[in-house]
Amino acid sequence: MAGHRKRELAAHGRVDRAAAGAAPTVEAKPATKDPLVIRHIEFLGGMAKADGWRPPPGLPEVAFSGRSNVGKSSLLNKLVHRRAIARVSKTPGRTREINFFAVNHEFLLVDLPGYGFAKVSKERKSEWGELIEGYLRHNPSLRGVVQLLDARHDPTDDDLRMFNLLADIGVPALVVMTKIDKLTAKQRAQQITALAAQCGVAEDQVIPCSAVTGEGRDDLAASLAALLAAPEEAE
Ligand code: GDP
């Protein structure tokens, strides 16, 4: 494999010194390297209640949050190059749970239930709030939250409540703008500035993504890898 890769680099890279007897040096192409290689993914189970089951803490966790239909399952599938997450997360009953996936036996990818269904009762909304807030607040393994926003729309009140909660808890937040393929180049530049300002984050915390074209997948993967590699903050 290593030999094959070397040949590939020699074939595509720029050869600086190819004199007979001297090993040629080549310029590597870092863009071809996947920042988050997914070797193994396993569904561990769902947490249905604030005081209910959850996997034993230990591995670092990154949670994905957004209103329903924002494109979360599509993006997660794209991120891990598998359809496993949508299959689990769209199963009736699981849509209201916090679903835990172990990735490479190294970290937990946590799929928070989508919020914002207009039809949902007040009671259900407060259950949702308790479940999510309980999970986020009492979790020393949580390294960050990826908050998804639809690129075409302003953040909803629920989205803004989530940003306030994350700021209050002090969890690092990344923002993904989903369905970016639906915007023109001009609209996307304006929308990145507008959404960053509305959510109180820096523009470089916003990652434009498309589950259709695959744009942003590697940027998101690199940000996650950096988040997971960062030393834990002192208590
Ligand atoms: P979820 O409810 O947040 O998990 O959202 P889904 O992943 O199920 O996506 C909701 C709808 O948006 C589906 O019809 C998807 O096909 C569509 N969708 C998701 N991501 C994208 C995207 O990046 N681009 C476009 N054009 N459509 C998308």
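In this predicted model, the buried residues of helix α2 pack against β2 (61–65), α3 (84–89), β4 (107–111), β5, β6 and α7 (217–229). The buried positions of α2 are K72, S73, L75, L76, K78 and L79. Helix α2 spans residues 72–80 and also contributes to the ligand shell. Three residues of that shell come from α2, the largest share. In total, 16 residues surround the ligand. The closest are G71, K72, S73, S74 and A211. By type, the shell divides into three nonpolar, nine polar and four charged residues.

Both flanks of α2 hold a residue with an unusual label in common: a positive phi without being a glycine. N69 lies in the loop between β2 and α2. Its phi is about 80°. N69 is exposed, because 12 other C-beta atoms lie within 10 Å, and a residue counts as exposed at 12 or fewer. H81 follows α2 and is found in the loop between α2 and α3. The phi of H81 is about 60°. H81 has 14 C-beta neighbours inside 10 Å, so it counts as partly exposed.

The chain as a whole has seven helices and seven strands. Along the sequence they follow the pattern α-β-β-α-α-β-β-α-β-α-β-α-β-α. Of the 235 residues, 31% are buried. Among contacts with a separation of 6 or more, 69% join residues 24 or more positions apart.

The largest nonpolar core has 44 residues. V110, V175, V176 and M177 have the most contacts inside it. Strand β5 gives the most to this core, with five residues. V176 shows how distant parts of the sequence meet. Leaving aside neighbours within four places in sequence, V176 is in contact with L75, V146, L148, I207, C209 and L220. One of these partners, L75, is among the buried residues of α2.

Strand β5 covers residues 142–150 and includes D150. D150 has 21 C-beta neighbours inside 10 Å. The threshold for burial is 20 or more, so D150 counts as buried. Beyond its neighbours within four places in sequence, D150 is in contact with V70, T178 and K179. D150 and K179 are 29 residues apart along the chain. Their C-alpha atoms are nevertheless separated by 6.4 Å.

Helix α6 runs from residue 185 to residue 199 and has 15 residues. From its first C-alpha to its last, α6 reaches 21 Å, close to the 21 Å expected at 1.5 Å a residue. Its buried residues are Q191, I192, L195 and C199. Seen down the helix axis, these residues fall within an arc of 110°, so they line one face of α6. The face turned away from this buried side carries the exposed residues K186, Q190, T193, A194 and A197. The cover over the buried residues of α6 includes β5, α5 (157–169), β6 (173–178) and β7 (206–208). Strands β5 and β6 also pack against the buried residues of α2. Just after α6, G200 takes a positive phi of about 70°.

Notes:
Residues numbered from 1 in each chain as written. Predicted model: local features only at pLDDT ≥ 70, side-chain atom pairs only at ≥ 80, totals over all residues. Near = placed C-beta within 6 Å. Helix = DSSP H or I, 4+ residues; strand = E, 2+ residues; numbered from the N terminus. Nonpolar A, V, L, I, M, F, W, Y, C, P; charged D, E, K, R; others polar. Contact = placed C-beta atoms within 7 Å. Core = buried A, V, L, I, M, F, W, Y, C linked by C-beta atoms within 7 Å. Expected span 1.5 Å × (residues − 1). Arc of directions from axis to C-beta.
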